[in-house]
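This report describes a metal site, the nonpolar cores and the aromatic contacts of one structure. The sequence and coordinates are shown first.

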Amino acid sequence: MIYYKTQSEIELMRQSARLVGKAIAEIAKLIKPGVTTGKLDLAGEEFIRDHGASPSFKNYKGYPYAACISVNDAVVHGFPNGNELKEGDIISVDVGVFKNGFHGDSAYTFAVGDPGDEVLKLMKVTKESLYKGIEKSVSGNRVGDISFAIQHYCEKEYKFGVVRELVGHGLGKHLHEDPQVPNYGRRGSGLKMKEGMVIAIEPMVNLGVKEVWYDDDGWTVRTKDGKVSAHYEHTVCIQKGRADVLSSFEDIEIAEKQNPELSSNYY
Ligand code: MF3
Ligand code: CO
């Protein structure tokens with residue numbers, strides 16, 4: 001069942017989604033070799049609570065943290081922990097917030113120092129694929145148009161592996177609503193999109209094979225071949241002619257550029 005949002009609900013969702021971007025930007029300021037992902041998670045949670053919101057992921061189906069922090073071969077749902085980041089790591093930070101009755105959901109992948117050109121390329125292509133999907137997110141198009149755009153860009157134009165097991169999703173009063181938004185599929189297939197639908201589009205793209213496995217913690221998804229994976233996510237509202245991106249990378253990209261420990265030389 002799809003819950004279409006009214007204009008005032010969309011504005012509330014924009015506030016939640018914008019706050020996610022600001023929380024990820026706060027985390028971005030702290031990323032450097034030697035910092036633990038557990039510390040980043042706590043800083044993110046504090047920021048969210050200081051802004052009158054709660055972290056959507058904490059206790060969701062038993063997930064124990066505010067953020068999912070996935071380093072290198074971890075694709076998504078990585079547990080923040082006591083391990084220190086090191087030069088050359090890539091780290092995906094996925095955050096959700098719940099405020100005024102609505103969730104926002106967004107994710108961004110950072111490079112600690114220089115992970116090498118191949119990995120920077122993966123990050124660039126994954127982020128670009130998110131925007132390819134967003135371009136298709138207009139009323140009258142079908143969900144498969146988004147899926148195809150992402151898959152085609154990552155797998156056909158570049159030879160990266162698009163993860164099949166996890167998908168984007170509708171969101172609103174619930175973190176996960178219909179429809180599912182796969183990052184692979186056929187053009188013209190799936191549900192026809194209408195104004196007021198809000199979806200999270202979140203390509204998860206591997207440098208090597210598309211296959212993944214679940215770590216012993218029951219949550220962390222890792223690449224089968226141990227190569228790195230990137231993940232970017234926006235909360236997007238379907239409108240006529242042009243998608244309305246409710247979340248924003250603006251603060252994140254400023255923090256990324258200003259933090260000398262992060263590579264942003266892939267722009
Ligand atoms: N962005 C992810 C998703 O929407 C994060 C969910 S993590 C969970 O699926 F812990 F909340 F499950
Ligand atoms: Co999501």
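## Metal site

The cobalt ion (ligand 2) takes its protein donors from D105 (OD), H169 (NE2), E202 (OE) and E233 (OE), at 2.1 to 2.3 Å. Donors are N, O and S atoms within 2.8 Å of the metal (3.2 Å for Na, K and Ca); water is not among the atoms, so sites may look incomplete. The six donor atoms around the cobalt ion (ligand 2) subtend angles of 69 to 169°, and the arrangement is therefore irregular. For six donors, octahedral would require opposite donors over 155 degrees apart and all others between 65 and 115.

Along the sequence, the donor residues follow the spacing D-x63-H-x32-E-x30-E. H169 belongs to strand 7 (residues 168-170) and E202 to the loop between strand 9 (198-201) and strand 10 (204-206), so this pair ties together parts 33 residues apart in sequence. Strands are DSSP runs (E, at least two residues), numbered from the N terminus. H169 is buried at 5% relative accessibility, and E202 is buried at 7%. Buried means under 20% relative accessible area, exposed over 50%, and partly exposed in between (1.4 Å probe, protein chains only).

## Nonpolar cores

The largest nonpolar core comprises 57 residues, and I31, I91, V95, F110 and I199 have the most contacts inside it. Such a core is a set of buried Ala, Val, Leu, Ile, Met, Phe, Trp, Tyr and Cys residues joined through side-chain atoms within 4.5 Å. A second, separate core has nine residues, including I10, M13, F102 and L171.

Leaving aside residues up to four places away in sequence, I91 touches I31, L40, I69, S70, V71, L85, Y108, T109, F110 and V112; contact means heavy atoms within 4.5 Å.

## Aromatic contacts

Eleven aromatic pairs are found in the whole structure. Rings of Phe, Tyr and Trp (its six-membered ring) pair if their centres lie within 6.5 Å; planes under 30 degrees apart count as stacked, over 60 as edge-to-face and the rest as tilted. Y108 and Y232 pair edge-to-face, 5.0 Å centre to centre with 80° between the planes. Y108 lies in strand 5 (residues 102-111) and Y232 in the loop between strand 13 (229-231) and strand 14 (234-237), 124 residues apart. Ring pairs join Y108, F110, Y131, Y232 and F249 into a cluster.

K132 lies over the face of Y153, 4.8 Å from the ring centre; the criterion is NZ of Lys or CZ of Arg within 6 Å of the ring centre and within 35 degrees of the ring normal.

## Basis of the values

This is a predicted model: local features need pLDDT of at least 70, side-chain atom pairs count only at pLDDT 80 or more, and totals for chains, interfaces and linings use all residues. Residues are numbered from 1 along each chain as its sequence is written, chains are lettered from A and ligands numbered from 1 in the order in which they are written, and side-chain values use heavy atoms, with hydrogens and water left out.

Technical notes. Four donors count as tetrahedral if all angles lie between 85 and 135 degrees; four count as square planar and six as octahedral if opposite donors are over 155 degrees apart and all others between 65 and 115; anything else is irregular. Helices (H or I, at least four residues) and strands (E, at least two) are DSSP runs, numbered from the N terminus.
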